[in-house]
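Here's a small set of exercises to help you find your way around a new structure. Grab a viewer, try each task yourself, then read the solution.

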Amino acid sequence: MKAPNSKAKRPLAPPDLPANLATPLFPVCELSAGLQLSEVALNDLEGAGQTAENVFFDAVLLERANLSGAMLKRLRLRDVRFLRSNLSNVSCAAAAFERVEFLEGRLTGFKLAEAKLSDVRFRGCKLDLAQFRLATLRDVRFEDCILREADFQGANLKGVSFRGSDLQGANFTGAKLEQADFRGVRLDGLVLRPADLKGMIIDSGQAMELATSFAEFLGMTVADR
């Protein structure tokens, strides 16, 4: 395997939020089609189970939002931060996220098939069973996240970092993993093909682990003197 590129990755661009965000006088209680929210701070937004298309949040801070089970086709987020929010089983087909942070969130079953993510950080999030199939992730970081049985099949994950995350049972079949950083991650539970490993960044211990696994897969016996 090639050594990782010595050129340091650029830091993620954080959400560009104004210092003083407005607080709506009346709580937002319905996510209607074409809804646009800009430069506001929302606490305890309740949108569980709602359906809407083409919702656009621009420079928005959401704390303890509950959008579980919502269907938000073509959701657009730009300069948005979610704090301790529940987005479990939210379906966001064909979404576009730019400079977005999900911090300490519950995102079990989060569906982002064919989405486009740029400068997005997931930190301390529960993302088991999340779906990123055929999505394009550019400058994305998963930090200390639970991604068990997540689906990344066919996704473009060039340069994505998974350091410190739990990927047991995650499916990377057919994903593009050039310069994707898996250092410190257990690899024995990943679902992928040998060809999918091309370009991954791993540490020396993981390299030995993979060599042993593939030797056993090929019917070889690994035995020291």
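What follows is a set of exercises on a predicted model, each with a worked solution.

**Exercise 1. Work out the strand order of the open sheet, and say which strands sit at its edges.**

Solution. Start with the order: this open sheet has six strands, running S1-S3-S5-S6-S7-S8. Next, check the direction, and you'll see that the pairing is parallel. Now look for strands that pair on one side only: these are strand S1 (36-43) and S8, the edge strands. As a last step, compare the tilt of neighbours: on average, and with direction ignored, neighbouring strands of this sheet are turned by 0° against each other.

**Exercise 2. Zoom in on S6 and S7: over how many bridges do they pair?**

Solution. Find strand S6 at residues 96-103 and strand S7 at residues 116-123. Count along them and you get seven bridges, in the parallel sense. For a landmark, pick Ala96, which stands opposite Lys116 in S7.

**Exercise 3. Find the largest cavity and sort the residues of its lining into nonpolar, polar and charged.**

Solution. First, the idea: rolling a probe the size of a water molecule over the atoms shows where empty space is left. Searching the whole structure with a lower limit of 30 Å³ turns up one cavity. The space in the largest cavity comes to about 40 Å³. Its lining is made up of Phe57, Leu67, Leu72, Leu75, Leu77, Phe82, Leu87 and Val90. Now sort them: eight are nonpolar, with no polar and no charged residues in the lining.

**Exercise 4. Which parts of the chain does the salt bridge between Arg74 and Glu53 link?**

Solution. Begin with the general point that side chains of opposite charge can pair when their charged atoms come close. Here the side chains of Arg74 and Glu53 meet at 2.6 Å, N to O. Arg74 is in the loop between strand S4 (71-73) and strand S5 (76-83), while Glu53 belongs to strand S2 (residues 51-53), so the pair links distant parts of the chain, 21 residues apart. How open are the two partners? Arg74 has a relative accessible area of 32% and is partly exposed, and Glu53 is partly exposed too, at 36%.

**Exercise 5. Take Arg163 and Asp181: is each one buried or exposed, or somewhere in between?**

Solution. Bring up the pair first: their side chains form a salt bridge, 3.8 Å from N to O. Both residues are in the loop between S8 and H1, 18 residues apart. Then use the cut-off: buried means under 20% relative accessible area. Asp181 has 4%, so Asp181 is buried. Arg163 has 41%, so Arg163 counts as partly exposed.

**Exercise 6. Look at another pair, Asp166 and Arg148, and then at the wider set of salt bridges.**

Solution. The closest N and O atoms of Asp166 and Arg148 are 2.5 Å apart. Asp166 lies in the loop between strand S8 (136-143) and helix H1 (204-217), as does Arg148, so this salt bridge ties together parts 18 residues apart in sequence. Asp166 is partly exposed at 22%, and Arg148 is partly exposed at 42%. Stepping back, a search of the whole structure gives 18 salt bridges.

Notes:
Residues are numbered from 1 along each chain as its sequence is written. This is a predicted model: local features need pLDDT of at least 70, side-chain atom pairs count only at pLDDT 80 or more; totals for chains, interfaces and linings use all residues. Side-chain values use heavy atoms; hydrogens and water are left out. On a 1 Å grid over the protein atoms alone, a cavity is a set of points where a 1.4 Å probe fits but cannot get out, and a pocket is an open set with protein on both sides within 12 Å along at least five of seven lines; lining residues have an atom within 4 Å of a point. Grid points are joined across faces, edges and corners, and a volume is the space filled by probe spheres set on the points. Ala, Val, Leu, Ile, Met, Phe, Trp, Tyr, Cys and Pro count as nonpolar, Asp, Glu, Lys and Arg as charged, and the others, Gly among them, as polar. A salt bridge is a side-chain nitrogen of Lys or Arg within 4 Å of a carboxyl oxygen of Asp or Glu. Helices (H or I, at least four residues) and strands (E, at least two) are DSSP runs, numbered from the N terminus. Buried means under 20% relative accessible area, exposed over 50%, partly exposed in between (1.4 Å probe, protein chains only). Two strands pair if DSSP finds at least two bridges between them. Axes are lines fitted to C-alpha atoms, for helices over the stretch in contact, and angles run from 0 to 180 degrees between N-to-C directions.
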